[in-house]
Amino acid sequence: MSTVAADRRRAIEQSGWGEDFHLVQPHNLAFWVYCTLVVAGFTVLRGQVSIALAAYSGALFDGVVSFGLLAVAYLWFIHREDRYTTIPPRLAAAGFVWGAIAAPGAFALLGNDAVMRLYAKTLGASFAFDWSAALTAPVDEELAKGAGILLLLVLASRLIRSPFDGLILGAFIGLGFQISEDISYAWIGAANAFGDIGAANSTIVVRTLASIPSHWMYTGIFGAGLIWFVGRPDVPARKGLGLGLMATAMLLHGLWDASAAIGGDSVFGWIVPIVIAGVLISVFVRVYQTTVPIERKWMHELLTPEVELGVITPAELDALAGSRSTQRAYIRRQRDPRTARRVAEAETELAHQIARDDGAETDSVRRARETVARARGS
Amino acid sequence: MAGAATGTTGEERLLGIDRKTIAPALLVLALALLMSVVLPAIDARTPYHHATRKGDVAVLAGGITLVPAQGWDLANGALLGQTRTPVGDTAQTELIDGGVDLFAQAAPFAGTPSALLARVERINADLDHARGRPAPVTHHYDVTTRQGDVGVAEDFAGVSRQGSIVAFVFRSRPRSTAGQAQPTSEGVEIVVSGPIGSVARRRDAIVAMIRSVRAAS
């Protein structure tokens, strides 16, 4: 086996690229715990939804439709950013379901209520009014969502191979939690305003505007930290970094929740959440930039043999394994950018097919190469 | 073809379960039990340690206050001058004493106290219908605060609990961001409920608290 072919084999093995995900694993205790806690969470949330349906059905409907559309937009965006060794849709769906149902229903709802009341009981209602949400939700909710990453790591240990996978899976879990919470806030907004659906719609607008610095980012950072903490076969554990990132996710979540108390009555109070959002987005982008190189390396190693075969050019490979801006710049430089884009799409599909077929020379891989050639000639 | 990405392969098993999966799965299960069972149990056994004192004033919403009865516990809400977070125009306050609970919900409402009470009744009827527990209510009667604002109230009684719902609508004139005074209406719903007998024993304190509600002039 040539060196490049060996590199391709190693890239496929290390990345878990092309592996399927099957949730049903009767010999894996994580499967049973996952199912138990999703059912428990569903039972708790069903009680809430029945209240909303009985008295605030209009607000609930508006929330489901609005945040359902928002969920589709974010799912598309996260999937778009996961463009190298893509998380399989079924694994992403399992994460989203955990975030939307198990994390709030089986962990956070009851835990948050209890801890916030304990703050009021022991430190006084005024202290709790200012700080209990900021001291409670970041810990309870990040642990609840992080528990999903841990379970899915046990269920898909050959798929989750890098901190980047933790970032993406965490983002899917956090998004599920965020959408579930958004929908509940919509009808609770109406409930708190004597059933006024206008209050629900105001809540929907505010939560949509504040949806970027939110759970999908916190849990993405937490997920990358968790994978660094436990380590993977080809990514040695860095416990300090992992703990630091998990703590950072909690800290930023807490600061966001405390922004009203931090700002107080100051006329400049509105700056506080903007600064916190800016820091959160910066940390998320930094974690993305730090974790993505291994994915690019795997992409490069997987497709290098195709350069030797003359299927793709070295410049195309560099663009495919580069950042999105690198690829965009490459496409723009070509004489026919539309053709170049089609070629890039066909080459990406070729990479996925090679990974799905475990690096073997199959009819599907040959057809994918022919598609690249056709795209180039069209 | 790449294989299915099951989490484990060929490990030792205990009762049919791969041993390597047991510790992390049990850790997650323990965390769930801690949050959903243990913490609520600790909360249920923990008493309040910060009873309201003479001179305390609870802020029901921006510019609307209530004087809590001495010795009641503020379970939720803000005391005047004791919080950093500004109290908005939609807020909840909850005071408890023994098994008796006084819950106040404030939110913008353009209408009369009777209209507010009618809306609250409709919501409660929907919820009671869903729960299958309709609670009979009395006729409406007026309640007047010491400030002279008139609200509308009704009483309800269930098998083991009784209580009252009182609705007020306050007109206030907060300054807008443009510096011009704009009239707004703020609805306040107060629900007092508790075991039969307990409410009656605290009647004077409850009435005093409801009559103490006032809007900044």
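This passage walks through the domains, a helix, some strands and the chain contact of a predicted model.

Because the model is predicted, local features are described where pLDDT is at least 70 and side-chain atom pairs count only at pLDDT 80 or more, while totals for chains, interfaces and linings use all residues. Residues are numbered from 1 along each chain as its sequence is written, and chains are lettered from A and ligands numbered from 1 in the order in which they are written.

Both chains can be introduced through their domains, whose bounds come from an automatic or database domain assignment. In chain A, domain 1 spans 24-292 and domain 2 spans 309-377, and the C-alpha centres of these two domains of chain A are 36 Å apart. In chain B, domain 1 covers 13-45 and domain 2 covers 58-215, with 41 Å between their C-alpha centres.

Helix 1 of chain A makes a good starting point; helices (H or I, at least four residues) and strands (E, at least two) are DSSP runs, numbered from the N terminus. This helix, residues 3-15, has 13 residues and extends 18 Å from its first C-alpha to its last. That is close to the 18 Å expected at 1.5 Å a residue, where the expected span is 1.5 Å times one less than the number of residues. R8(A), A11(A), I12(A) and S15(A) of helix 1 of chain A are buried (20 or more other C-beta atoms within 10 Å of a residue's own; exposed means 12 or fewer, partly exposed in between, with C-beta atoms placed from the backbone). These buried residues lie on the same side of helix 1 of chain A because they cover an arc of only 95° around the axis, the arc being that of the directions from the helix axis to the C-beta atoms. T3(A) and A6(A), on the other side of helix 1 of chain A, are exposed. The cover over the buried residues includes helix 12 (293-308) and helix 15 (337-356) of chain A. After helix 1 of chain A comes G16(A), with a positive phi near 70°.

Turning to chain B, there are four helices and 13 strands, and 35% of its 217 residues are buried. Strands of a sheet pair through backbone hydrogen bonds, either parallel or antiparallel; here two strands are said to pair if DSSP finds at least two bridges between them. One open sheet of chain B has four strands in the order 6-3-4-13, paired antiparallel. Strand 6 and strand 13 (214-215) of chain B are at the edges with a single partner strand each, so one side of each has no neighbour in the sheet. Within this sheet, strand 3 (58-61) and strand 4 (64-66) of chain B run antiparallel and are joined by three bridges, and V59(B) has T65(B) as its bridge partner.

Strand 9 (141-144) and strand 10 (150-157) of chain B also pair antiparallel, over four bridges. Here D142(B) is partnered by V152(B), and T144(B) by V150(B). The two strands form a hairpin with five residues between them, and G148(B) in the turn has a positive phi of about 100°.

Finally, the chains meet in a contact that takes 57 residues from chain B and 57 residues from chain A (two residues are in contact if their C-beta atoms, placed from the backbone, lie within 7 Å). Helix 1 of chain B gives the largest share of the side of chain B that touches chain A, 14 residues.
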